[in-house]
Amino acid sequence: MIRFENIGLRYGVGDEVLRDINFKLERGSFNFLTGPSGAGKTSLMRLMYLGRTPTRGLITMFGKNINGMTRSEIGMMRQKIGVVFQEFRLLPHLSVFDNVALPLRITETPEKEIQNNVNELLDWVGLGDHKDQLPETLSGGQQQRVAIARAVIARPKLLLADEPTGNLDDTIGVRLMNLLEQLNRMGTTIVVATHNQGMMNQFGHPRLILEQGQLHVQEPQTWIRDKIEGVY
Amino acid sequence: MAKSVQSFTQKAGGRYDLPLNRSGNGRFIILLITMMTFLAVLAISASFALSGVAAKWSTGLENKLTIEIPAGETDVSALKVEVKKKLDSIDNISKIDVMSDDAIAALVAPWLGADFALEEVPMPALIAVETKENTRAFIDKLQKDLSEINSAIIVDAHEEWLEDFLRMIGALKFGAMFVSLVIAATAIVAITGIIRARMSEHRPDVELLHLMGASDAYIAGQFQRYALRLGLLGGAFGLFAGALGLAIFSVGINAGDSDLFPSLRLSGLAIFVLFCLPFVSCALCSTTAKITVLRSLARMP
């Protein structure tokens, strides 16, 4: 579904922040992306949601090579990707409902369908009673759920979440992860960038580990063995 | 005014993903466009009025000649008869008016006084002629024919001073049109700057829409709609202010009952053009906003 081959990324004329990144994500998989601060997690996520083009290498998304795609084709590709940003990035002047409806409005979905889908999703994430409120009136956890609802409302094939539990207490973090697992069971491919070891241990999905700009893939059985051996 | 603009845009069914309609800058843009449209109304009206002046003078002197038998010639009266006879024989001449002494006296009265004795001053004879067609060749031939009667006879086709006059009117019209273009160019530069500022102000939100897969046209459409509405409001206010200004100016100029300047009663075409100004303003604002945003978005990956 997603394949990165020999990807390198540099900003300006500096050193490469990502070097020789190679990995493949299968449809319907759930992966953690982890690594120390500054290892390049956000840069890799940015490449995955097509927020940047790599300096070198080949990215294949949903079976299509993104090199040589037109702007409109890349735009269409982005519509298949949902992103939960670390700092939420909700539009402060829009209500909860309008924030969640945004991806549907971008694709010019009929308003009646928007009303039905958004209301249903807000009920599902427990924010049905807050749909007319502005984001600033919500708690951090509620804002996080709005961000997730916005990321999944258009039924993306790929959901990327950058440190989604970073601002949340453990209980809400676990509830959030359960929400993501439900989405994964519905067929959405999910990548969660996090450095929360406890969370990764608890949910036991494969890990993409970034260290000094290079990526290592670690399957669950490996990290369980490492855990037993005291590596983590 | 900001509230009324917001209310107008909301009533018009406008929905913005970006908070473009919630800024005091809207008032500034409307004021700017109002002033630009006001100036454009004056410049375009001036252009139409000058066209009226040119048309009035051109039509008034079209196919007309004045033949002058200068004063001091031995027998002006005899020459007058001879010239009249010659003119009668020419097919291309449709009307001959030998001006009477009284008519000539009336012409010179502003300089010499109404009660001066005409016979004490040598006066030229004047013959007003209307032709079917005033070609250069005809005038030259007439001058040649009359010079054979007396070399001092002058055929005045009014061309010399009329050409200068029309050239001056043409220059003024060009100036008025040039001012209109400068106004439009200034508006474009100002709107480009304002839209760029709004883009910078909302850059994170614009980037978010871009990352969600919004097409460039979708994002540009938000700014375009915003600029279009402000352009319409500013254009309408400017047209109203311009019409008011013209009405005041018209009252002033018509009070003098001048023959040189026509009244500022605008033709149907002129009124149509002026009423188009708010829409031109809309199109200008909208297109400028679209191009500015698309060029900025092109720099995003």
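This report walks through a sheet, its enclosed strand and a helix packed against them in a predicted model.

## The sheet

Let's start with the strand order. Chain A has an open sheet of six strands, running β6-β7-β8-β3-β9-β10 with mixed pairing. The edges are β6 (81–84) and β10 (214–218) of chain A, each of which pairs on one side only. On average, neighbouring strands in this sheet are turned by 20 degrees against each other, if you ignore direction.

## Pairings inside the sheet

Take β3 of chain A, residues 30–34. With β9(A), residues 207–211, β3(A) pairs in the parallel sense over three bridges, and there A:Phe32 sits opposite A:Arg207. With β8(A), the pairing of β3(A) is again in the parallel sense, this time over four bridges. In that pairing, A:Asn31 stands opposite A:Val191 of β8(A).

β7(A) and β8(A) run parallel too, joined by five bridges. Here A:Ala161 is the residue facing A:Val192 in β8(A).

## β8, covered on both faces

How many of the five residues of β8(A) are buried? Five of the five are, so the strand is largely enclosed by the rest of the structure. Both of its faces are covered: A:Thr189, A:Val191 and A:Ala193 are buried on one side, with A:Ile190 and A:Val192 buried on the other.

## Helix α6 and its two sides

Helix α6 of chain A takes in residues 170–185, 16 in total. At 1.5 Å a residue it should span 22 Å, and its end C-alpha atoms are indeed 22 Å apart, so expectation and model agree.

Which residues of α6(A) are buried? They are A:Gly173, A:Leu176, A:Met177, A:Leu180 and A:Leu183. These residues cover an arc of only 110 degrees around the axis, which puts them on the same side of α6(A). The spacing fits the usual helix rule: an α-helix has 3.6 residues a turn, so residues three or four places apart point the same way. Turned away from that buried side is a face carrying the exposed residues A:Thr171, A:Asn178, A:Gln182 and A:Arg185.

## What covers the helix, and what comes next

So what covers the buried residues of α6(A)? The cover includes two strands of the sheet, β7 (158–162) and β8 (189–193) of chain A. It also includes the helices α5 (140–152) and α7 (197–203) of chain A.

After α6(A) comes A:Gly187, with a positive phi near 110 degrees.

Conventions:
Residues numbered from 1 in each chain as written. Chains lettered and ligands numbered in written order. Predicted model: local features only at pLDDT ≥ 70, side-chain atom pairs only at ≥ 80, totals over all residues. Pairing = 2+ DSSP bridges. Axes fitted to C-alpha atoms, helices over the stretch in contact; angles between N-to-C directions. Expected span 1.5 Å × (residues − 1). Buried ≥ 20, exposed ≤ 12 C-beta atoms within 10 Å, placed from the backbone. Arc of directions from axis to C-beta. Contact = placed C-beta atoms within 7 Å.
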